[in-house]
Amino acid sequence: MDDVRKQQERILVNYFLETCEDAPAGKLISGESPDFILRTSRKYAIGIELTEISEPGTADEMEVLVERLREALEKKEHKLALYRKKRLDKYWLVITAENLDGLDAVKAAEYFNRKAWSSDFHRIYLFDLFEGRLAVIKK
C-alpha cells in the first residue's frame, strides 16, 4: 500500500477514535490485516479494520445502504481468520461512508440490525465522514 493511502487511513482512524466515545486510549500502530492495532496496554490490543462503502443510496433508499453494509461485512468477515493470526484481544470493523445523502447513520445501523445477520467482529461501526456521525452496528 502506498504511503499516501496509509496516511489517509491514519487520519481516518484518528478521526474515528476521536468520535467514538467508548474507544480506549492507547498507542495506534499501523499494520495490514488488520489496518491498525490499538495497543491499550502491554497485554491488551484491539485490531481495527477499515472499509468503505460507495454509493450508499439516498434518503429513500435505506435498502440500498443495508445491502452495501452487508456486502462490506461479508467481505471483511472472510478475512477474520487472517486477522486472528495476530492474536489480538478484540477486532473492530469500521465501515465508512463519505456521503449518506440524507440517510441517518444511526437509523441505518438500527435498520441493519433488524435484518438477519451475524458477525465475529467484536464491534462494528458505521461512520458517516461528512456528518461526523458514528453509529454502532454491533457492540
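**Charged, aromatic and nonpolar contacts in the predicted model**

The charged end of Lys-6 is placed over the ring of Phe-36, 4.6 Å from the centre of that ring. The model described here is predicted. Beyond its position over an aromatic ring, Lys-6 takes part in a network of salt bridges that also links Glu-9 and Glu-32. Its aromatic partner, Phe-36, is one of the residues of a nonpolar core of 18 residues.

In total, 9 salt bridges are present in the structure. One of them joins the side chains of Asp-22 and Lys-139, with an N to O distance of 3.0 Å. Asp-22 is located in the loop between helix H1 (3-19) and strand S1 (27-30), whereas Lys-139 belongs to the segment after strand S6 (133-138); the pair therefore ties together parts that are 117 residues apart in sequence. With a relative accessibility of 30%, Asp-22 is classed as partly exposed. Lys-139 is exposed, its relative accessible area being 64%.

A salt bridge is also formed by Glu-49 and Lys-76, whose closest N and O atoms are 2.7 Å apart. This pair links distant parts of the chain, since Glu-49 is found in strand S3 (residues 45-52) and Lys-76 in helix H2 (residues 62-77), 27 residues apart. Both partners fall below the 20% cut-off for burial: Glu-49 counts as buried because its relative accessibility is 2%, and Lys-76 because its relative accessible area is 7%.

Within helix H2, Arg-70 and Glu-67 are 3 residues apart, about one turn of the helix. Their salt bridge has its closest N and O atoms 2.2 Å apart. Arg-70 is partly exposed at 32% relative accessibility, and Glu-67 is likewise partly exposed, at 30%.

Attention now turns to the nonpolar interior. In soluble globular proteins, nonpolar side chains tend to be buried together. The largest nonpolar core of the model comprises 27 residues, and those with the most contacts inside it are Ile-53, Leu-65, Leu-69, Ile-95, Phe-121 and Leu-126. At least two residues of this core are supplied by each of H2, helix H3 (80-84), S4, helix H4 (105-113), strand S5 (123-128) and S6. Helix H2 provides the largest share, 6 residues. A second core, separate from the first, consists of 18 residues, among them Leu-28, Phe-36, Ile-48 and Phe-127.

Helix H4 has Ala-105, Ala-108, Ala-109 and Phe-112 as buried residues. Viewed down the axis of H4, the buried residues are confined to an arc of 100°, so they line one face of the helix. The elements against which these buried residues of H4 pack are H2, S5 and S6.

Strand S4 (residues 90-97) contains Thr-96. This threonine is buried, with a relative accessible area of 5%. When residues up to four places away in sequence are not counted, Thr-96 is in contact with Leu-12, Thr-51, Glu-52, Ile-53, Phe-127 and Leu-129. Of these neighbours, Ile-53 is among the residues with the most contacts inside the largest core, while Phe-127 is included in the second core.

The aromatic side chains form 6 pairs. The ring centres of Phe-16 and Phe-127 are 6.2 Å apart and the ring planes lie at 70°, so this pair is edge-to-face. Because Phe-16 is part of helix H1 and Phe-127 part of strand S5, the pair ties together parts that are 111 residues apart in sequence. Phe-16 is buried, with a relative accessible area of 0%, and Phe-127 counts as buried at 0% relative accessibility.

For Tyr-83 and Phe-121, the ring centres are 6.3 Å apart and the planes are at 55°, so the pair is tilted. Distant parts of the chain are again linked, with Tyr-83 in helix H3 and Phe-121 in the loop between H4 and S5, 38 residues apart. Tyr-83 is buried, with a relative accessible area of 1%; Phe-121 is also buried, with a value of 0%.

One aromatic cluster is formed by Tyr-15, Phe-16, Trp-92, Tyr-125 and Phe-127. Phe-127 thus recurs in several of these descriptions: it contacts Thr-96, belongs to the second core and forms the edge-to-face pair with Phe-16.

Notes:
Residues numbered from 1 in each chain as written. Predicted model: local features only at pLDDT ≥ 70, side-chain atom pairs only at ≥ 80, totals over all residues. Heavy atoms only, no water. Helix = DSSP H or I, 4+ residues; strand = E, 2+ residues; numbered from the N terminus. Buried < 20%, exposed > 50% of the residue type's maximum accessible area, 1.4 Å probe, protein only. Contact = heavy atoms within 4.5 Å. Salt bridge = Lys/Arg side-chain N within 4 Å of Asp/Glu carboxyl O. Core = buried A, V, L, I, M, F, W, Y, C linked by side-chain atoms within 4.5 Å. Arc of directions from axis to C-beta. Phe/Tyr/Trp six-rings, centres within 6.5 Å; stacked < 30°, edge-to-face > 60°. Lys NZ or Arg CZ within 6 Å of the ring centre and 35° of its normal.
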